[in-house]
Each structure stands twice: as structure tokens, then as C-alpha cells.
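User: Please take a close look at one part of this structure, the surroundings of its enclosed spaces, and describe how the neighbouring elements are arranged.

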Amino acid sequence: MLIADYDPRVQAVHCKRIAGFVAHEPWQLDEVEFAEYIDYRAALWNVDRTAARARARELRERLREVHEAFAYPLIGALIADPQLLVLDRPPLVYAQPILAAAEPATVFSTHTSAESAAAFAAPPREAVAPQ
Amino acid sequence: MTVRALSALLRARLYFGRRIVLYSCAAAAVAGALGPPGPGAALLCCSLLGTLLALDQSPGRYPHLDRCEQSAPLFGRELARAKALVPCVVAILTVAIYACAQWLRRMPDVPVLLAVVPIAVIACTLTALSATIRLGATRALYIVLAWLTSAAAYAISIQARAWFIEPAFCLAVSYVALRQYGEALARFDPI
């Protein structure tokens, strides 16, 4: 299996550069810690700090209906503009805003129920044409 | 790995492990204030603290940081060097605090302490890091190895008075320990 023409067995770093991972567990951070977390992620992914903070603000606005403990790790993964976003058992209730914020990345997610899998298989809200 | 990434990782781990950093520094201060003079007690105390600080870097202690670092575009060896820096920095800080406490008491042998103990504590800490990625008897073995490293450094420098051999011994042990830690992290890359 290749990730964008990279073999993860021998080109793991290349694969990690274009993929973002969001763990299942929520992470409670205050505002100051969140800013530090964004700087930390930007440093690890070698993303410009100013651009990362601007992107984080934009994503925080788009994910305003998502609880911070779930939104912050997702924002951290998205500031590097990954081509592939891997979600570990994402919360069903936030399926639509997560999918909308993740665009245009391809989303790969694991689920513990068919209902959750179906929710994340549906197109994001903005992509649905008005009636 | 860029310097920026290295310092970010160091800052993050020191921040989230601030409690153990504070306790270690306090323990070093108390030990320095109450302990006997000479490098032996300092080596014992700071080696124990260095081992604890290394074990604090075990996977699962800070799961969100672990996942950020494992999913970051970093080679296993780069990540190992960065993670190894965290307990080493704090271990050196504990040595400095211990030495300050001894100096304030006007204890002799503070220069000897500063010449002998830091490099030995680093070797002990780096050896103990390999215990963080192992379980059971192997984990205990690496911890014992770490303490034996400190004991050997003490024997070489103080008992045998081979002042120039002790740094060479500790550097060699540190290199091997760090290399082994890096190879283990590279081999068990989750991707």
C-alpha cells in the first residue's frame, strides 16, 4: 500500500509529512496552551508560525460548534495541510463540521459502529447542493 | 531535524513534565543541603533523579505528545536525540543545584563534583532511557545497567583517580546508549 506514491515501510517520513493523525482521546487545553500547541505542531512539521496561527484561527472559527477538547487536536493536525487525514474513532456528533474543515484532504477514519461510519461517509454539509 | 523542532519538543516535554522537574530540583537542593561532601553522594542522588527523569519519558506518560511526535515527519533517530535531551537537561540542572547547595554550605570538593558528576549522570540517564521502551525484566536490567554505569564512573574517577578515563568511559557509554535508543525508536516506528 502506498500513500501518495510513498512506501510507508521505507519512506515513513515522507508519508508522515503528507498525512495528519488525530487520536481518539480528547485533549483539554486552555487558550494559552492551545497557542503553544499550535507553535509546537508548526515547529515539528516545519510550518511557518504566523501562517500556522492564522490557519488555526480560521479552523477554530469553522469548528466553533465542536468542543475544544476535540477541535484542538484536529486543528493541530490540519495546520500542516495534510493530503490524508487519519481519524481514530472520531465523535459521531461532530461528523459534518469535521469533514467540512478537513477538505480538501482525504479522510480515513476508524469507527466502532455502522452509524458512525455512515456519518463520516456522507459528503460534508457545504458540498451538498441547495434544493 | 531543525533546531526549531528540537527546541519545541524540549519545551513541550519540560512543560508537561514540569511537576517532576520541580520535584527533582527540590530533591537535589535538599540532598545538597543535607548530604555529605564529595562527589559520591552527589553521583548517587543525581543518578537516581536522572533515572526517574528518563523513565518519565516512557510511552504513555504524555500520550498526546507521544502521538504528535510519532506522527511528525521525523526520523526515529532524530526523535530519540530530541527526547534524550529532555532528561539530560534536567539531570544537569539537578547536578548544578546540588553543587550550589554544597557550595553554600562551604563544602569542599565542589569543583571535583562538577568535574566528575555531570558526565556520569548523563551516561546513567541515557542508559536508563532504553528502559522506557522495554517491559518486565529487561526494563529492570537497563535500570540496573544505568546505575552500574554511575558506579563504574565513580570507581574510575574517585577510587582509581583516573580523571581522564572517566569522561572517555562516560562518553562511550552515552554514545552507545543513545544509538541503541535511536535504533529502537526507528525500528518500531508506528507507521
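Analyst: The account below moves from the central strands to the cavities and then to the salt bridges.

This is a predicted model in which local features need pLDDT of at least 70 and side-chain atom pairs count only at pLDDT 80 or more, while totals for chains, interfaces and linings use all residues. Residues are numbered from 1 along each chain as its sequence is written, chains are lettered from A and ligands numbered from 1 in the order in which they are written, and side-chain values use heavy atoms, with hydrogens and water left out.

Strand β2 of chain A, residues 84–88, is largely enclosed by the rest of the structure, because four of its five residues are buried. Here buried means under 20% relative accessible area, exposed over 50%, and partly exposed in between (1.4 Å probe, protein chains only). Helices (H or I, at least four residues) and strands (E, at least two) are DSSP runs, numbered from the N terminus; two strands pair if DSSP finds at least two bridges between them. β2(A) runs parallel to strand β1 of chain A (residues 19–22), to which four bridges join it, and A:V22 has A:L87 as its bridge partner. Five bridges join β2(A) to strand β3 of chain A (residues 106–110), again in parallel, and there A:L87 stands opposite A:S109. From β2(A) the chain crosses through helix α5 of chain A (residues 95–102) to β3(A) in a right-handed β-α-β crossover (with the strands pointing away from the viewer, the path from the first strand over the helix to the second runs clockwise).

The cavities come next. On a 1 Å grid over the protein atoms alone, a cavity is a set of points where a 1.4 Å probe fits but cannot get out, and lining residues have an atom within 4 Å of a point. Grid points are joined across faces, edges and corners, and a volume is the space filled by probe spheres set on the points. The whole structure has three cavities of 30 Å³ or more, and the largest holds about 120 Å³. Of its 14 lining residues, A:V22, A:A23, A:F70, A:P90 and A:P91 are the closest to the centre. Both α4 (68–78) and β2 of chain A give two or more residues to this lining, with the largest share, four residues, coming from α4(A). The lining has 11 nonpolar, one polar and two charged residues, where Ala, Val, Leu, Ile, Met, Phe, Trp, Tyr, Cys and Pro count as nonpolar, Asp, Glu, Lys and Arg as charged, and the others, Gly among them, as polar.

The second largest cavity, of about 90 Å³, is lined by residues of chains A and B, among them A:V22, A:W27, B:H64 and B:R67. Helix α4 of chain B (63–71) supplies at least two lining residues, as do β1 and α2 (31–44) of chain A.

Salt bridges (a side-chain nitrogen of Lys or Arg within 4 Å of a carboxyl oxygen of Asp or Glu) number 15 over all chains. Helix α4 of chain B also holds B:E69, which is linked to B:R13 in helix α1 of chain B (residues 3–16), 56 residues apart; the closest N and O atoms of this salt bridge are 2.8 Å apart. B:E69 is buried at 1% relative accessibility, and B:R13 is buried at 2%. In chain A, A:D81 forms a salt bridge with A:R55 at 3.0 Å, and both belong to a network with A:E58 and A:R62.

Technical notes. On a 1 Å grid over the protein atoms alone, a cavity is a set of points where a 1.4 Å probe fits but cannot get out, and a pocket is an open set with protein on both sides within 12 Å along at least five of seven lines; lining residues have an atom within 4 Å of a point.
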